[in-house]
Amino acid sequence: TVNGKTAKIGDKADFTVDHIKVNGTLLRKLEDPFYVVMNKPKGVISMISDPEGRPTLADFLVKLKVHVNPVGRLDFNSDGLILLTNDGAMAEKIQKSDAFPRVYHVKVKGHITTEGGERLNRGARTAHKFVKPLSVRIHEELNKKTKIEVAFLNAANVDVKAYFEEKGFLVEKITRTSIGHMTLHGLEPGEYRTVPKTKFEALIAQPELGVKALAFRHEKEREILPRDQRMRN
């Protein structure tokens with residue numbers, strides 16, 4: 001129908017002024033591709049709507065006039081970087097790709113030892129797939145906890161919590177800090193920024209950018225050794 005009247009062959013209509021329905025569904029003008037980087041807070045489900053009424057990403061995107069969907073997921077109790085777009089083809093490519101690193105800060109109970117670090121580095125089978133970290137480093141040592149930075153390459157959709165639990169660690173918090181060359185820089189929890197399409201395209205076309213950025217940062221940061229190594233030294 002066009003403006004409530006059944007359309008006939010040869011009729012013309014304009015998306016910008018006419019109300020067009022097909023089988024009762026309103027057709028909408030195709031939106032321009034839109035790309036968003038967001039810092040998802042903890043306690044927010046990685047969806048635009050939720051039948052259970054939990055907080056969603058849409059609660060933080062009210063000023064965004066374009067409908068976007070998340071690329072992949074972050075656990076309800078995890079926070080950090082998540083990508084959103086209305087470009088379905090691009091989202092599918094990124095979600096399936098495992099050529100660029102995904103970096104997480106994982107807070108665990110206790111202090112990591114040399115043996116514990118070696119366990120994490122050996123890899124494990126999770127969800128019917130063997131995954132092995134690109135790197136494992138102590139990011140921060142707290143009073144009775146440790147924040148570990150772990151980067152995964154060739155491991156799209158890895159369950160980070162399950163991986164650490166498989167290695168015998170009790171996980172308290174997980175934050176995804178980067179996806180390829182894109183980071184949380186400047187974004188507080190709940191904040192987002194729009195980025196050009198080229199930023200998303202580079203994840204597929206130039207996955208090495210993320211690997212180089214991670215290596216460069218590791219060169220600049222002083223590495224924290226496990227406590228047992230520091231005591232020996």
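**Exercise 1. A charge and a ring**

Task: In this predicted model, determine which ring face Arg 54 lies over, and at what distance from the ring centre.

Solution. Step 1: the ring belongs to Phe 76, and Arg 54 lies over its face. Step 2: the distance from the ring centre is 5.7 Å. Step 3: a charge sits over a ring only if, among other conditions, CZ of Arg is within 6 Å of the ring centre, and the value of 5.7 Å satisfies that limit.

**Exercise 2. Classifying aromatic pairs**

Task: State how many aromatic pairs a search of the whole structure finds, then classify the pair formed by Tyr 35 and Phe 200.

Solution. Step 1: the search returns five aromatic pairs. Step 2: for Tyr 35 and Phe 200, the centres are 5.0 Å apart and the planes make an angle of 55°. Step 3: planes under 30 degrees apart count as stacked and those over 60 as edge-to-face, so the rest are tilted; the pair of Tyr 35 and Phe 200 is accordingly tilted. Step 4: the two residues come from distant parts of the chain, 165 residues apart, with Tyr 35 in strand β3 (residues 35-40) and Phe 200 in helix α4 (residues 197-205). Step 5: Tyr 35 counts as buried because its relative accessibility is 3%, and Phe 200 is buried with a relative accessible area of 0%.

Task: Classify the pair of Phe 164 and Phe 169.

Solution. Step 1: the ring centres lie 5.9 Å apart. Step 2: the planes stand at 65°, so this pair is edge-to-face. Step 3: both Phe 164 and Phe 169 are buried. Step 4: ring pairs join these two residues with Tyr 104, Phe 152 and Tyr 163 in a cluster.

**Exercise 3. The nonpolar cores**

Task: Identify the residues that touch the most other members of the largest nonpolar core, and the elements that each supply at least two of its residues.

Solution. Step 1: the core has 21 residues, and those touching the most other members are Val 106, Leu 120, Phe 152, Val 160 and Phe 164. Step 2: at least two residues come from each of β6 (102-109), β9 (133-141), β10 (145-152), α3 (160-166) and β11 (171-179). Step 3: once neighbours within four places in sequence are set aside, Phe 164 contacts Val 106, Val 108, Leu 120, Ile 148, Val 150, Phe 169 and Val 171. Step 4: a second, separate core holds 16 residues, including Ala 91, Ile 179, Leu 187 and Leu 203.

**Exercise 4. Two helices**

Task: Describe how helix α1 (residues 88-96) and α4 cross, and list the residues that meet.

Solution. Step 1: two packed helices are described by the angle and the distance between their axes. Step 2: the axes of α1 and α4 come within 9 Å and cross at roughly 35°. Step 3: the crossing is left-handed. Step 4: α1 contributes Met 90, Lys 93 and Ile 94, which meet Lys 197, Phe 200, Glu 201, Leu 203 and Ile 204 of α4.

**Exercise 5. Residues outside helices and strands**

Task: Locate Gly 110 and name its contacts beyond four places in sequence.

Solution. Step 1: Gly 110 occupies the loop between β6 and α2 (114-122). Step 2: its relative accessible area of 26% makes Gly 110 partly exposed. Step 3: the contacts of Gly 110 are Lys 144, Lys 145 and Thr 146.

Task: Is Asn 23 buried or exposed, and what is the sign of its phi?

Solution. Step 1: Asn 23 lies in the loop between β1 and β2 (25-26). Step 2: Asn 23 is exposed because its relative accessible area, 81%, is over 50%. Step 3: although Asn 23 is not a glycine, its phi is positive, at about 55°.

Terms used:
Residues numbered from 1 in each chain as written. Predicted model: local features only at pLDDT ≥ 70, side-chain atom pairs only at ≥ 80, totals over all residues. Heavy atoms only, no water. Phe/Tyr/Trp six-rings, centres within 6.5 Å; stacked < 30°, edge-to-face > 60°. Helix = DSSP H or I, 4+ residues; strand = E, 2+ residues; numbered from the N terminus. Buried < 20%, exposed > 50% of the residue type's maximum accessible area, 1.4 Å probe, protein only. Lys NZ or Arg CZ within 6 Å of the ring centre and 35° of its normal. Core = buried A, V, L, I, M, F, W, Y, C linked by side-chain atoms within 4.5 Å. Contact = heavy atoms within 4.5 Å. Axes fitted to C-alpha atoms, helices over the stretch in contact; angles between N-to-C directions. Left-handed = near helix turned anticlockwise from the far one by under 90°.
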